[in-house]
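Biologist: I would like to go through this model and ask what stands behind the terms used for it. Please show it before we start.

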Amino acid sequence: MRLLLHSDYIIKTLLNEPPGPVPPFAERGHQTWILASALQDIFRQVAREGGGANAGKILDPWITQVSLLPLSGVDLTQALAAGGPHFPERVAALAVEKFQLDGVVTFNPEPFSALNITALHPRDILETKSGSPPPVTAVPLLDLPASFHEWLPEVEHALAEVTRSGRYILGPQVERLEKHLAAFCQSPFAVGVSSGTDALLISLMAAGIQPGDEVITTPFTFFATVGSIARMGAVPVMVDIDPVTCNMDPGRLEAALTRKTRALLPIHLYGQCADMDPVLDLARQRNLVVIEDAAQAIGADYKGRRAGSMGDYGCFSFFPTKNLGGLGDGGLVTTNSQENYERVKILRVHGSEPKYYHQHIGGNFRLDALQAAAVLAKSKYLEGWSQKRRDHAARYNESFAQAGLTSQLGLPEEVFPRHVYNQYVIRVPGGKRDALRAFLAKRGVGGEIYYPLPLHLQKCFLHLGYKAGAFPVSEQAAAEVLALPVSPEITPRQQDYVVENIQAFFKDA
Ligand SMILES: *Cc1c(COP(=O)(O)O)cnc(C)c1O
């Protein structure tokens, strides 16, 4: 459960000799929070009631084990304006509601009963056996509040700092994020942009793609990959995918080359890199630009190299469902040459260089300082999150094998370590995928199809002249793929619930 520790509980526990531990809650799998706005009062009372000059020493090691819940002045004013007695309890109740916590821990549950908030006496929690937590009833595909305890206080702080600084567009926050992520992606340069889609578009612009030029990609990707090529007036040329990785099959590139081919645009779908060596070899031989769509693969590796560092440009997205999600839209371009870097930076501000003089037509592709600050604050967790995604994927693989489901399902394979599992995607053959998804949805398990209609069959691309059957591997994948919940926060019991329900589906079917 997500629990707010009320001041009375904290003060009493801290004044025990030695101070009472927080871990009994953590050991039982609960997340615990303290209201940041209550800290001064807690300090004062601990000092007064026995802590004396040691209050700070008593408080500090304890506070580091819980997360601080930031409330704003407006929150406090709202709680005050609601009127009535028990102001601290009303503030706590407001916080529980706003941050989607499960309840308050207090020695005095009484005042909370009128506030419609679950108030638990510590013994209510400590006396429930650790072996009998409440049953799992839902496993959402994405559960953002489940990771709040890690990043929320720092992100809210970073947003407040930007707000106070008065610098909202580009500026030092964006530069810090660019430096940090360039190093993380093992790329010499990075440029923050307005979205992953704009990262693709600006890379194509910087590469000098002209109307009529051909750019080779796959039909099995998010729309933005192919959409960006088309928006340049260039021609998206598609090749089919590898049936195991769902990434570009490099064996098909040679046949797709023409005199007009200018660039290759592989996607690192689901968090695993495409087979880049043959792509890079061909690009070198034919003098082609390579743009990596790494929107789903930040931190993925291919033969010791990082996603986004291998081609001329790497394109990333901070869309909230990506492994490093922001609080809205944002993106990044990595590049390995100073010249490309300068070009992308100029195109980001309408091609203006010097200011108000334009040699090229760019666009408004700027990243907000607020977005950059949020992403930067979250970025220190990225490695830990990637590792958890990998662990969860391994656990699914084992559980599906143990449940005897490997003849009914295709499991994702890590062909090029390391896969960072932005999505854990199974294959459900035999036309059963949609029924399984509906069955799981009824039982509270989120599942999504990335992507149901390959791009060569989208209405807006029919003029390209591809027919159904043109890319059989992509078309089969579109009919079979199902992404299951694999967020860093998912628990073993939630994973078991997913596997058990899939087992139940096949037993009934
Ligand atoms: C998310 C995504 C994009 C686009 O990123 P946005 O930030 O949503 O514009 C492009 N390509 C792929 C493969 C993606 O998954």
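Modeller: Start with the residue classes: Ala, Val, Leu, Ile, Met, Phe, Trp, Tyr, Cys and Pro count as nonpolar, Asp, Glu, Lys and Arg as charged, and the others, Gly among them, as polar. By these classes the shell around the ligand holds 7 nonpolar, 8 polar and 2 charged residues. Keep in mind that this is a predicted model.

Biologist: How many residues surround the ligand, and which are the closest?

Modeller: The ligand is surrounded by 17 residues, and the closest are Gly196, Thr197, Asp293, Ser317 and Lys322. To be counted, a residue needs a heavy atom within 4 Å of the ligand.

Biologist: What makes the approach of glycine 196 to an oxygen atom of the ligand a polar contact?

Modeller: The cut-off for a pair of N or O atoms is 3.5 Å. A backbone N or O atom of glycine 196 is 2.8 Å from an oxygen atom of the ligand, so the pair counts as a polar contact. In glutamine 296, a polar side-chain atom lies 2.8 Å from a ligand oxygen atom. For lysine 322, an N or O atom of the side chain is 2.8 Å from an oxygen atom of the ligand.

Biologist: How much of the ligand does the protein cover?

Modeller: On its own the ligand has 380 Å² of accessible area, and the protein covers 93% of that.

Biologist: Which elements give two or more residues to the shell around the ligand?

Modeller: They are α11 (196-206) and α12 (223-231). The largest share, 3 residues, comes from α11.

Biologist: Turning to helix pairs, why is α10 called oblique to α16?

Modeller: The axes of α10 (residues 172-184) and α16 (residues 369-379) come within 8 Å and cross at roughly 40 degrees. Angles under 35 degrees count as roughly parallel, and 65 to 115 as roughly perpendicular. The angle fits neither class, so α10 is oblique to α16. The crossing of α10 and α16 is left-handed.

Biologist: Why is α3 also called oblique to α4?

Modeller: The axes of α3 (residues 39-51) and α4 (residues 55-63) come within 9 Å, crossing at roughly 130 degrees. Roughly perpendicular ends at 115 and roughly antiparallel needs over 145, so α3 is oblique to α4. This crossing of α3 and α4 is right-handed.

Biologist: Where are the cis peptide bonds that join glutamate 353 to proline 354 and proline 417 to arginine 418?

Modeller: Glutamate 353 and proline 354 are joined with omega about -10 degrees, and proline 354 lies in the loop between α15 (338-348) and α16. For proline 417 and arginine 418, omega is about 5 degrees; arginine 418 is in the loop between α17 (382-402) and β15 (424-427).

Biologist: What is noted about phi of glutamine 186?

Modeller: Phi of glutamine 186 is near 55 degrees, which is positive in a residue other than glycine. Most residues other than glycine have a negative phi. Glutamine 186 sits in the loop between α10 and β6 (189-193).

Definitions and conventions:
Residues are numbered from 1 along each chain as its sequence is written. This is a predicted model: local features need pLDDT of at least 70, side-chain atom pairs count only at pLDDT 80 or more; totals for chains, interfaces and linings use all residues. Side-chain values use heavy atoms; hydrogens and water are left out. A polar contact is a pair of N or O atoms within 3.5 Å; within protein, one must be able to donate a hydrogen and the other to accept it, and residues adjacent in sequence count only if both atoms are side-chain atoms. Accessible areas come from the Shrake-Rupley method with a 1.4 Å probe; for residues, only the protein chains shown count as cover. Helices (H or I, at least four residues) and strands (E, at least two) are DSSP runs, numbered from the N terminus. Axes are lines fitted to C-alpha atoms, for helices over the stretch in contact, and angles run from 0 to 180 degrees between N-to-C directions. A crossing is left-handed if the near helix is turned anticlockwise from the far one by less than a right angle, and right-handed if clockwise.
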